[in-house]
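Please look over the sequence and the three-dimensional model shown here before reading on. The explanation that comes after is meant for a reader who has not met this structure before.

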Amino acid sequence: MSDMVRRWVSASRLTVLLGEDDTYRHRPRYHEIVRRARDAGLAGASVWRGVEGYGVSSHIHTTRLLDLAERLPVLVMIIDDTARLRAFVETNADLLDSVIVALSPVEVFDGVRH
């Protein structure tokens with residue numbers, strides 16, 4: 001019987017910040033990012049919808065006021081190997097050209113079978 005050994009593994013986090021109303025070919029841009037990440041074989045992607053934020057316009061978008069509950073912030077997070085994430089961004093530059101993209105080093109607590 002093999003034992004499960006847990007250890008910290010170096011990886012990177014790709015963070016994409018955009019508005020929920022951002023589209024790409026008439027579909028939500030965040031959906032296309034997740035679809036392409038899956039098709040590229042990346043480890044996983046998650047999407048979070050924010051409750052408040054602002055961008056270059058400095059106009060605050062919030063869920064607290066019904067009439068301003070548009071263009072709320074959305075965050076897409078993908079964690080994988082640094083080189084794979086860099087390649088994903090370069091390959092999908094057309095999709096990511098109008099959003100904020102950040103790459104950060106992280107450590108992931110991973111289970112490895114021995």
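The paragraphs below treat a helix, its salt bridges, a strand residue with polar contacts, and a pocket.

The model is predicted, and its local features are considered only where pLDDT is at least 70. A suitable place to begin is helix α1, which covers residues 29–39. Its buried residues are R29, E32, I33, R36 and A37. When the helix is viewed down its axis, these buried residues fall within an arc of 135 degrees, and therefore they line one face of α1. Just after α1 comes G41, which takes a positive phi of about 80 degrees.

The charged side chains of this helix deserve attention next. As a general matter, side chains of opposite charge can pair when their charged atoms come close. In this model the count comes to eight salt bridges. Two of the pairs share E32. One is formed by the side chains of R27 and E32, with a distance of 3.9 Å from N to O. The other joins the side chains of R35 and E32, with a distance of 2.6 Å from N to O. Both R35 and E32 belong to helix α1, where they stand three residues apart, about one turn of the helix.

How exposed or buried are the partners? E32 has a relative accessible area of 6% and is buried, because buried means under 20%. R27, by contrast, is partly exposed, with a relative accessible area of 37%. R35 also counts as partly exposed, at 28% relative accessibility.

A further salt bridge reaches beyond the helix. R36 pairs with D94, and the closest N and O atoms are 3.2 Å apart. This pair links distant parts of the chain, since R36 lies in helix α1 and D94 lies in helix α3 (residues 93–96), 58 residues apart. At 14% relative accessibility R36 counts as buried, whereas D94 counts as partly exposed at 37%. Through salt bridges that share partners, R27, E32, R35, R36, R38, D39 and D94 are joined into one network.

Another acidic residue, D80, is found in strand β7. D80 is buried, with a relative accessible area of 12%. A polar atom of the D80 side chain lies 2.7 Å from the backbone nitrogen of A43. The side chain of D80 is also joined to the side chain of R84 by a polar contact of 3.1 Å. D80 thus has listed partners in A43 and R84.

The last feature is the largest pocket. Which residues lie nearest its centre? They are L18, G19, Y54, G55 and R71, and the lining as a whole comprises 20 residues. The elements that contribute two or more residues to this lining are β1 (4–19) and β7 (73–80). The volume of the largest pocket is about 480 Å³. Sorted by class, its lining contains eleven nonpolar, seven polar and two charged residues.

Definitions and conventions:
Residues numbered from 1 in each chain as written. Heavy atoms only, no water. 1 Å grid on protein atoms, 1.4 Å probe; cavity = no way out; pocket = protein on both sides within 12 Å on 5 of 7 lines; lining within 4 Å. Points joined across faces, edges and corners; volume = space filled by probe spheres on them. Helix = DSSP H or I, 4+ residues; strand = E, 2+ residues; numbered from the N terminus. Nonpolar A, V, L, I, M, F, W, Y, C, P; charged D, E, K, R; others polar. Buried < 20%, exposed > 50% of the residue type's maximum accessible area, 1.4 Å probe, protein only. Arc of directions from axis to C-beta. Salt bridge = Lys/Arg side-chain N within 4 Å of Asp/Glu carboxyl O. Polar contact = N/O pair within 3.5 Å; in protein donor to acceptor, adjacent residues only side chain to side chain.
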